[in-house]
Amino acid sequence: MEVYREILPESYLLILADDVPPSFEREHALDYALRRAARSGKSSVWVDCSHLHHLPPDAAELLAYYHDRLARHGMSLVLCHLTDDVQLELQALTAAPLPVVSTLLDAERYCHRPASFGRFAS
């Protein structure tokens with residue numbers, strides 16, 4: 001999995017892509033990017049999955065771990081642009097649902113008013 005990072009004014013954006021050949025560095029790219037996002041000082045981390053066709057189990061585990069870790073520090077982790085297949089994989093691989101919204105604009109809205117989205121959006 002390839003991970004692209006973009007630092008925005010109020011959030012840290014990660015864009016996941018799986019159309020790249022595997023390598024040792026790419027295996028650890030998501031963990032590294034999430035660690036950097038957690039230390040960024042931003043209040044939220046948005047994970048854009050629009051270029052992701054398959055969610056590896058270790059990636060789902062990392063996303064769930066960092067969702068919980070960030071929440072303990074008052075930060076949000078929100079996923080967006082999931083295909084139906086990736087969303088089903090995520091639900092099957094994680095014990096608790098992670099926040100999923102349709103667009104980056106919805107991610108921004110979610111981070112400012114999570115209660116208005118209910119438990120999580122899809």
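**Figure 1. Asp106 and Arg109 share helix 5.** Helix 5 covers residues 104-112, and within this helix Asp106 and Arg109 sit 3 residues apart, about one turn. This and the following views come from a predicted model. The two side chains form a salt bridge, with the closest N and O atoms 3.2 Å apart. Asp106 is buried, at a relative accessible area of 17%, whereas Arg109 is partly exposed, at 37%. The cut-off matters for the acidic partner: Asp106 counts as buried because its 17% falls under the 20% limit.

**Figure 2. Asp31 and Arg35 form a salt bridge in helix 2.** The structure holds 2 salt bridges, and in this one the N to O distance is 3.5 Å. Asp31 and Arg35 are separated by about one helical turn because they lie 4 residues apart in helix 2. Asp31 is partly exposed, with a relative accessible area of 22%. Arg35 is also partly exposed, with a value of 32%.

**Figure 3. The largest nonpolar core contains 31 residues.** Leu30, Leu34, Val45, Val47 and Leu79 are the residues with the most contacts inside this core. At least two core residues come from each of the following elements: strand 2 (11-17), helix 2 (29-38), strand 3 (44-51), helix 3 (57-72), strand 4 (76-80) and helix 4 (84-93). Helix 3 supplies the largest share, 7 residues. A second core, separate from this one, has 7 residues, among them Leu13, Trp46, Val78 and Tyr110.

**Figure 4. Val47 and the residues it touches.** Val47 is among the residues with the most contacts inside the largest nonpolar core. Leaving out residues up to four places away in sequence, Val47 touches Leu14 and Leu16, then Leu63, and further along the chain Leu77, Val78, Leu79 and Cys80. Of these partners, Leu79 is also listed among the residues with the most contacts in that core, while Val78 belongs to the second, separate core.

**Figure 5. Ser11 is a buried residue of strand 2.** The relative accessible area of Ser11 is 1%. Neighbours within four places in sequence aside, Ser11 is in contact with Glu6, Lys42, Ser44 and Trp46. Trp46 is one of the residues of the second core.

**Figure 6. His51 in strand 3 is partly exposed.** The relative accessibility of His51 is 46%. His51 touches Ile15, Leu16, Ala17 and Asp18, with residues up to four places away in sequence not counted. Leu16 lies 35 residues from His51 along the chain, yet the C-alpha atoms of the two are separated by 6.2 Å.

**Figure 7. Cys49 and Cys80 are not joined by a disulfide.** The structure holds 0 disulfides. A disulfide is a covalent bond between the sulfur atoms of two cysteines. The cysteine sulfur nearest to that of Cys49 belongs to Cys80, at 6.9 Å. This separation is too far for a bond, because a disulfide requires the sulfur atoms to be within 2.5 Å. Both cysteines are buried: Cys49 has a relative accessibility of 2%, and Cys80 has 0%. Cys80 is also one of the residues touched by Val47.

Note on methods. Residues are numbered from 1 along each chain as its sequence is written. This is a predicted model: local features need pLDDT of at least 70, side-chain atom pairs count only at pLDDT 80 or more; totals for chains, interfaces and linings use all residues. Side-chain values use heavy atoms; hydrogens and water are left out. A nonpolar core is a set of buried Ala, Val, Leu, Ile, Met, Phe, Trp, Tyr and Cys residues joined through side-chain atoms within 4.5 Å. Buried means under 20% relative accessible area, exposed over 50%, partly exposed in between (1.4 Å probe, protein chains only). Contact means heavy atoms within 4.5 Å. A salt bridge is a side-chain nitrogen of Lys or Arg within 4 Å of a carboxyl oxygen of Asp or Glu.
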